[in-house]
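Good morning, everyone, and thank you for making time. Please bring up the model on your screens, and I will walk you through it.

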Amino acid sequence: MAKDVKPTRKNLMEIEDRIELSERGHGTLEKKRDGLIMEFMDILDKAQDVRGDLAQDYQDAQKKINMARAMEGDVAVRGAAAALQEHPEITTESKNIMGVVVPQIESSRVSKSLDQRGYGIMGTSARIDEAAEAYEDLLESIILAAEVETAMKKMLREIETTKRRVNALEFKLLPDLYEGQEYIEQKLEEQEREETFRLKKIKEKKEQAEKEEREAEEADEIAPDEEDASTAEPDMEQSTAGGVPGGD
């Protein structure tokens, strides 16, 4: 990724903004993941209790229905079951746990009194009553288990999704962004050093040219003085030569 990015100041600023945003997102997702795990552990503890109660209620219901069938017969048991007039009602709502929508199941008319079960009190025995009550308890345990199990599965899926996002940010996106940032910074530093070196060379050349220009000007100033001196020397010799005969 780093080599695909142009080493410009604009791209560096964009990468730095993305790094800041990704780091904030990574921190938020980590907090969400930890919160979801804590909520999941609470639900898991509840689910284990519900599973234990469900297994126990199922065993009790099976024992009591078998006892009722043995004592009263299958016909009496089926007749008592068919006499039920009011069936249980189940309504579902939803609640939000750390951004995860989980179901909340409400049930009514599950547990009934003897006169609400539809069969005559005199026509049945205590065995059938105990079996009916045991299955009512079992149904309530099933409803609670369904709510808890569904919530647990949704929480687990959200935890896995959040963990994948955290890992993608931590081990893929952020390292690529850091690499791109480092690459651009190195390239910009190289360009800055090259520009500094180039400016230094230009300055040296300019100073050298100015020095040569000054030396040339000084040479031009010295040359006329030498010419004047060389012109004055022959005149002095002529005047000296002309004066000697006159002396004689």
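I would like to begin with one residue, Ser141, which touches Val50, Asp53, Leu54 and Asp57, leaving aside residues up to four places away in sequence, where contact means heavy atoms within 4.5 Å. The side chain of Ser141 also makes a polar contact with the side chain of Asp57, at 2.4 Å; such a contact is a pair of N or O atoms within 3.5 Å, one able to donate a hydrogen and the other to accept it, and residues adjacent in sequence count only if both atoms are side-chain atoms.

I should say early that this is a predicted model, in which local features need pLDDT of at least 70 and side-chain atom pairs count only at pLDDT 80 or more, while totals for chains, interfaces and linings use all residues. Residues are numbered from 1 along each chain as its sequence is written, and side-chain values use heavy atoms, with hydrogens and water left out.

Is Ser141 buried or exposed? Ser141 is buried, because its relative accessible area is 11%, and buried means under 20% with a 1.4 Å probe, counting protein chains only. Of the protein's 248 residues, 25% count as buried.

Ser141 lies in helix H3, residues 126-247; helices (H or I, at least four residues) and strands (E, at least two) are DSSP runs numbered from the N terminus. Overall there are three helices and two strands, running α-α-β-β-α from the N terminus on.

Finally, among contacts between residues at least 6 apart in sequence, 79% join residues at least 24 apart.

Terms used. Buried < 20%, exposed > 50% of the residue type's maximum accessible area, 1.4 Å probe, protein only.
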